[in-house]
Every structure is written in structure tokens, then in C-alpha cells.
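Trainee: I should like to learn how to read a protein model in an orderly way. May we go through one together?

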Amino acid sequence: MPYVYEELKNQLFSPKGIEILFKVKENAKKLISQSGCARAGELTSGCTGDSWLMLAAIDYLVETKEIYEIKYGECAGQHRIFALYAN
């Protein structure tokens, strides 16, 4: 079964999903403010559980325009690079 964000999105509002979402959001703000960008693998650092749910948390932050992906070609999901939108 491949990763499909739309199928996992609702799971982000479960207790475990919210825990992952908040950890990913916290990591994103901290890491990106320090260095300007961060890879998906670092955004999920410290999270435990379903790795697809972790990717869904990242995609949710993209969807809600809290972070954006810096496109540089095909790569593994954990190597995608993200930055914060300017306030």
C-alpha cells in the first residue's frame, strides 16, 4: 500500500496523530529558524510510530502553509527539504 496523504490526513486528529503533528511542528519551527531549512527526516526526529503518519504531519503543515517544500528533483520522502513561510 503506497503513501496517500488524503487517506492518512484524518488520522492526524487522533491522540497519536496530534502528538506526532505537534512534535513535527515544534521541530520545524526550531530547526528551520536555526538553519533556514530542514529535511523531512530531521522534522520527524524524536517521533515514534507510523512513519507514514509522520510524513502526513509534514504534508499537513505544507497544506496549512506553515512550511513549504523546496523542490530540487526526485528524492526519497525523508530527504525532502522544507522552509518556513516568512511572516
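Mentor: We shall begin with the whole chain and then turn to single residues. Please keep in mind throughout that this is a predicted model.

Trainee: How many helices and strands does the protein chain have, and what pattern do they follow along the sequence?

Mentor: One counts the elements and then reads them in order. The protein chain contains four helices and three strands. Along the sequence their order is α-α-β-α-α-β-β.

Trainee: How compact is the protein chain for its length?

Mentor: One compares the radius of gyration with the value that the globule rule gives. Here the radius of gyration is 12 Å, close to the 12 Å that the rule gives for 87 residues, so the chain is as compact as a globular protein of that length. The C-alpha atoms fill a box of roughly 30 × 25 × 20 Å along the principal axes.

Trainee: What share of the residues is buried, and what does the chain expose?

Mentor: Of the 87 residues, 32% count as buried. The chain exposes about 5,400 Å², and carbon and sulfur atoms supply 55% of that area.

Trainee: What share of the contacts joins residues at least 24 apart in sequence?

Mentor: Here one sets aside contacts between residues fewer than 6 apart in sequence. Among the contacts that remain, 57% join residues at least 24 apart.

Trainee: Which residues touch the most other members of the largest nonpolar core?

Mentor: A core may be read by asking which members touch the most others, and then which elements supply them. The largest nonpolar core has 21 residues, and Ile-20, Val-24, Leu-43, Ile-58, Ile-67 and Phe-82 touch the most other members. Helices α1 (5–8), α2 (15–35), α3 (40–43) and α4 (51–63) each supply at least two residues of this core. Helix α4 gives the most, with seven residues.

Trainee: May we study one of these residues? Where does Leu-43 lie, and is Leu-43 buried or exposed?

Mentor: Leu-43 lies in helix α3. Its relative accessible area is 0%, and a residue under 20% counts as buried, so Leu-43 is buried. Leaving aside residues up to four places away in sequence, Leu-43 touches Lys-23, Val-24, Asn-27, Ala-28, Leu-31, Ala-38, Ile-58, Ile-67 and Phe-82. Distance in sequence and distance in space should also be read separately. Leu-43 and Gln-78 are 35 residues apart in sequence and 9.0 Å apart in space, C-alpha to C-alpha.

Trainee: How is a charged residue to be read? Is Asp-59 buried or exposed?

Mentor: The same test applies to any residue. Asp-59 has a relative accessible area of 14%, so Asp-59 is buried. This residue is placed in helix α4. Outside its neighbours up to four places away in sequence, Asp-59 touches Tyr-3, Tyr-5 and Arg-80. For the chain as a whole, the mean positions of the 10 positive and 11 negative charges are 6 Å apart.

Trainee: Is Glu-6 buried or exposed?

Mentor: Glu-6, in helix α1, has a relative accessible area of 55%; a value over 50% counts as exposed, so Glu-6 is exposed. Glu-6 and Trp-52 are 46 residues apart in sequence and 12 Å apart in space, C-alpha to C-alpha.

Trainee: Finally, what is notable about the backbone? What is phi of Lys-65 near?

Mentor: Phi of Lys-65 is near 60 degrees, a positive value in a residue other than glycine. Lys-65 is placed in the loop between α4 and β2 (67–70). Lys-65 is exposed, with a relative accessible area of 56%.

Methods
Residues are numbered from 1 along each chain as its sequence is written. This is a predicted model: local features need pLDDT of at least 70, side-chain atom pairs count only at pLDDT 80 or more; totals for chains, interfaces and linings use all residues. Side-chain values use heavy atoms; hydrogens and water are left out. A nonpolar core is a set of buried Ala, Val, Leu, Ile, Met, Phe, Trp, Tyr and Cys residues joined through side-chain atoms within 4.5 Å. Buried means under 20% relative accessible area, exposed over 50%, partly exposed in between (1.4 Å probe, protein chains only). Contact means heavy atoms within 4.5 Å. The radius of gyration is taken over C-alpha atoms; the globule rule is 2.2 Å times the number of residues to the power 0.38. Accessible areas come from the Shrake-Rupley method with a 1.4 Å probe; for residues, only the protein chains shown count as cover. Lys and Arg count as positive and Asp and Glu as negative; His and the chain ends are not counted. The place of a charge is taken as NZ of Lys, CZ of Arg, CG of Asp or CD of Glu.
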